[in-house]
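The following paragraphs lead through one protein model, from its confidence values to its buried positions, its charged pairs and its surface. Please keep the sequence and the coordinates at hand while reading.

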Amino acid sequence: HVQQILSYLLLQNKNFHLDFSMAQQHGHTPLHKAAQKLNRHVILWLHEQITDTQQRQKMGLPDKGNNRPSDIWESVGGDLEFAKWMKEHCNW
């Protein structure tokens with residue numbers, strides 16, 4: 001269901017100019033939040049659907065605590081292989 005909602009939002013991007021790289025006060029983007037909740041399917045969706053290079057890079061910038069999404073993924077018990085993929089393949 002989450003992927004359907006995200007796909008709907010992406011379609012609405014033409015009307016509302018949604019920015020999936022926008023960070024909140026602590027520097028967290030939707031990618032950071034997905035990592036925090038171990039939502040691999042959302043992380044993969046973001047990787048597949050967000051094709052704008054600048055937006056993809058901004059999504060993975062370190063937060064105010066200097067943590068990348070992959071760092072957060074690891075800190076909450078996510079598997080190391082996926083964290084490695086996030087770091088090496090996506091620079092997240």
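Ser70 is a buried residue, with a relative accessible area of 1%, a value that falls under the 20% limit for burial. Ser70 belongs to helix H5. When neighbours within four places in sequence are left aside, the contacts of Ser70 are Ala83, Met86, Lys87 and Trp92.

The coordinates under discussion come from a predicted model. The mean pLDDT of the protein chain is 91, and 93% of its residues reach 70 or more. Among the elements of the chain, H5, the helix of Ser70, has the highest mean pLDDT, 98, while H1 has the lowest, 72. Where pLDDT is low, the predicted coordinates should not be read in detail.

Two of the contacts of Ser70, Ala83 and Met86, lead directly to helix H6, which comprises residues 80–90. Which residues of H6 are buried? They are Phe82, Ala83, Met86 and Cys90. These four cover an arc of only 105° around the axis, and therefore they lie on the same side of H6. The general background is the geometry of the α-helix: with 3.6 residues a turn, residues three or four places apart point the same way. The other side of H6 carries the exposed residues Leu80, Glu81 and Glu88. Against what do the buried residues of H6 pack? Their partners are helix H3 (40–49) and helix H5 (69–75). After H6 comes Asn91, whose phi is positive, near 60°.

Another buried position is Ala35, in helix H2 (residues 30–36). Ala35 counts as buried because its relative accessibility is 0%. Apart from neighbours within four places in sequence, Ala35 is in contact with Ile43, Pro69, Ile72, Trp73 and Val76. Of these partners, Ile43 falls within the residue range of H3, whereas Pro69, Ile72 and Trp73 fall within that of H5. A separation in space can also be given for Ala35 and Trp45: the two are 10 residues apart in sequence, and their C-alpha atoms are 12 Å apart.

Gly60 is placed in the loop between H4 and H5. Is this glycine buried or exposed? Gly60 is buried, with a relative accessible area of 0%. Not counting residues up to four places away in sequence, Gly60 touches Leu31, Arg68, Pro69, Asn91 and Trp92. Pro69 is thus a contact of Gly60 and also a contact of Ala35. Likewise, Trp92 touches Gly60 and is in contact with Ser70. Asn91, the residue that follows H6, is a further contact of Gly60. From Gly60 to Leu44 the distance is 13 Å, C-alpha to C-alpha, with their positions 16 residues apart in sequence.

The discussion now turns to charged side chains. Side chains of opposite charge can pair when their charged atoms come close. With a limit of 4 Å between side-chain nitrogen and carboxyl oxygen, the count comes to 3 salt bridges.

One of them joins Lys87 and Glu74, at 2.7 Å from N to O. This pair links distant parts of the chain, since Lys87 is in helix H6 and Glu74 in helix H5, 13 residues apart. Lys87 is partly exposed, with a relative accessible area of 36%, and Glu74 counts as partly exposed at 29%. Lys87 is also in contact with the buried Ser70.

Another salt bridge is formed by Arg40 and Asp79, with an N to O distance of 2.3 Å. Arg40 lies in helix H3 and Asp79 in the loop between H5 and H6, so the pair ties together parts that are 39 residues apart in sequence. Arg40 counts as partly exposed at 34% relative accessibility, as does Asp79 at 30%.

The remaining salt bridge is that of Asp19 and Lys58, at 3.9 Å from N to O. Asp19 is in the loop between H1 and H2 and Lys58 in helix H4 (residues 53–59), so that the pair links parts of the chain 39 residues apart. The relative accessibility is 30% for Asp19, which counts as partly exposed, and 36% for Lys58, which also counts as partly exposed.

On the surface, Ile5, Tyr8 and Leu9 form a nonpolar patch, with about 300 Å² of accessible area together. Tyr8 lies in helix H1 (residues 2–16), the element with the lowest mean pLDDT.

Methods
Residues are numbered from 1 along each chain as its sequence is written. This is a predicted model: local features need pLDDT of at least 70, side-chain atom pairs count only at pLDDT 80 or more; totals for chains, interfaces and linings use all residues. Side-chain values use heavy atoms; hydrogens and water are left out. Patches are made of residues with over 30% relative accessible area and no salt bridge: like charges are joined within 9 Å, nonpolar side chains (Val, Leu, Ile, Met, Phe, Trp, Tyr) within 5 Å. Accessible areas come from the Shrake-Rupley method with a 1.4 Å probe; for residues, only the protein chains shown count as cover. Buried means under 20% relative accessible area, exposed over 50%, partly exposed in between (1.4 Å probe, protein chains only). The arc is that of the directions from the helix axis to the C-beta atoms. Contact means heavy atoms within 4.5 Å. pLDDT is the predictor's confidence in each residue, from 0 to 100.
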